[in-house]
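This report is a guide for a reader who is meeting the structure below for the first time. Please keep the sequence and the model in view while reading.

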Amino acid sequence: FTDEDLGLIFGTAIYKDKSYEHDWQYWLPLLGLYTGARLEELCQLKVEDFHVSDGCHYLAIHGEGDPENRVKTACSIRKIPVHNELIKCGLLDVVNRRPRGAFLFDLRRVNTNLGHVPSKWFGGYKASLGLPKGTKVFHSFRHTMRDKLTLNGVANEHIREILGHEQIGETFGRYGSSIPVAILAESLEKLSFSLELNN
């Protein structure tokens, strides 16, 4: 997404006035933008997937907790720091209001997918803003994050870890362990967008 695209997506009453029918309509695009996670990964989040380590809030992506949950590859299992912008918008308050064991969002599965309804909604939402159909889909948030982090000089190894991509080369690929979440948080905080969100 271009900065202009993002201005359109995050410039409606959903974000200016927090006017929405379902809370996931507000949170899923924001989470996509600031975590780079896949839509289904975000829809599968439960309250206990949010943790704190060394003062750093992060969310755990995995395929456990429900028989129909899944991740794309083994590399997809990872810890993603919670960007400070998400905290300012009240994400941790949303987490704390939900009972333990509950999914973060009230979604129904369609053919085992929790992301089916949000995906259709987002397609219609972006089309209503004049963005093209078929391209610039929810998955584009991942590419947007990758490009922004790259432009801000974040190491490729950190970007791969955050996005859940396989590490390349012997240093990180064969012998490396996961990069500490506090170090990833420093890299992720370099992600910045000119959005006027109503916190």
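How many of the 13 residues of α3 are buried? The model is a predicted one, and in it 12 of the 13 residues of α3 are buried, so that helix counts as mostly covered because buried means under 20% relative accessible area.

## Helix α3

Helix α3 takes in residues 23–35, and its buried residues are W24, Q25, Y26, W27, L28, P29, L30, L31, G32, L33, Y34 and T35. The length of the helix can be checked against its number of residues: at 1.5 Å a residue, the 13 residues of α3 should span 18 Å, and because its end C-alpha atoms are 18 Å apart, the two values agree.

The loop between α2 (13–16) and α3 holds K18, a residue other than glycine whose phi is nevertheless positive, near 50°. K18 is partly exposed, because its relative accessible area of 32% lies between the cut-offs of 20% and 50%. Just after α3 comes G36, and this glycine takes a positive phi of about 75°.

## The contact between α3 and α8

One partner of α3 is helix α8, which covers residues 140–151; the two helices pack at an angle of about 35°, and their axes are 7 Å apart. The crossing in which α3 passes α8 is right-handed.

Which residues of α3 meet α8? From α3 they are P29, G32, L33, Y34 and T35, and on the side of α8 they meet F141, T144 and M145. Sorted by class, the residues in this contact of α3 with α8 are five nonpolar and three polar, with no charged residues.

## The sheet and its hairpin

The model also has an open sheet of three strands, whose order is β1-β2-β3 and whose pairing is antiparallel. Its edge strands are β1 (50–53) and β3 (78–81), each of which pairs on one side only. On average, and with direction ignored, neighbouring strands of this sheet are turned by 40° against each other. Helix α11, residues 181–188, packs on the sheet and touches β1, β2 and β3, while its direction makes about 45° with that of β3.

Strand β2 runs through residues 56–61 and pairs with β1 in the antiparallel sense over four bridges. Within this pairing, F50 has L59 in β2 as its bridge partner, V52 stands opposite H57, and the bridge partner of S53 is C56. Four bridges likewise join β2 to β3, again in an antiparallel arrangement, and here A60 stands opposite K79 in β3. Strand β2 is mostly covered, with five of its six residues buried.

Together β1 and β2 form a hairpin with two residues between them. In the loop between these two strands lies D54, which has a positive phi of about 50° although it is not a glycine. Is D54 buried or exposed? D54 is exposed, because its relative accessible area of 76% is over the cut-off of 50%.

## Helix α9 and its surroundings

Helix α9, which covers residues 156–163, is mostly covered as well, with six of its eight residues buried. The buried residues are H158, I159, R160, E161, I162 and L163. What covers these buried residues of α9 includes α3, β3, α8 and α11, and thus α9 has around it elements already met in the sections above, among them α3 and α8. The helix is followed by G164, whose phi is positive and near 80°.

## A loop far from the hairpin in sequence

The loop between α7 (116–128) and α8 contains T135. T135 is partly exposed, because its relative accessible area of 44% falls between the cut-offs of 20% and 50%. As for its position relative to the sheet, T135 and V52 are 83 residues apart in sequence, and from C-alpha to C-alpha they are 36 Å apart in space.

Definitions and conventions. Residues numbered from 1 in each chain as written. Predicted model: local features only at pLDDT ≥ 70, side-chain atom pairs only at ≥ 80, totals over all residues. Heavy atoms only, no water. Axes fitted to C-alpha atoms, helices over the stretch in contact; angles between N-to-C directions. Left-handed = near helix turned anticlockwise from the far one by under 90°. Contact = heavy atoms within 4.5 Å. Nonpolar A, V, L, I, M, F, W, Y, C, P; charged D, E, K, R; others polar. Pairing = 2+ DSSP bridges. Buried < 20%, exposed > 50% of the residue type's maximum accessible area, 1.4 Å probe, protein only. Expected span 1.5 Å × (residues − 1).
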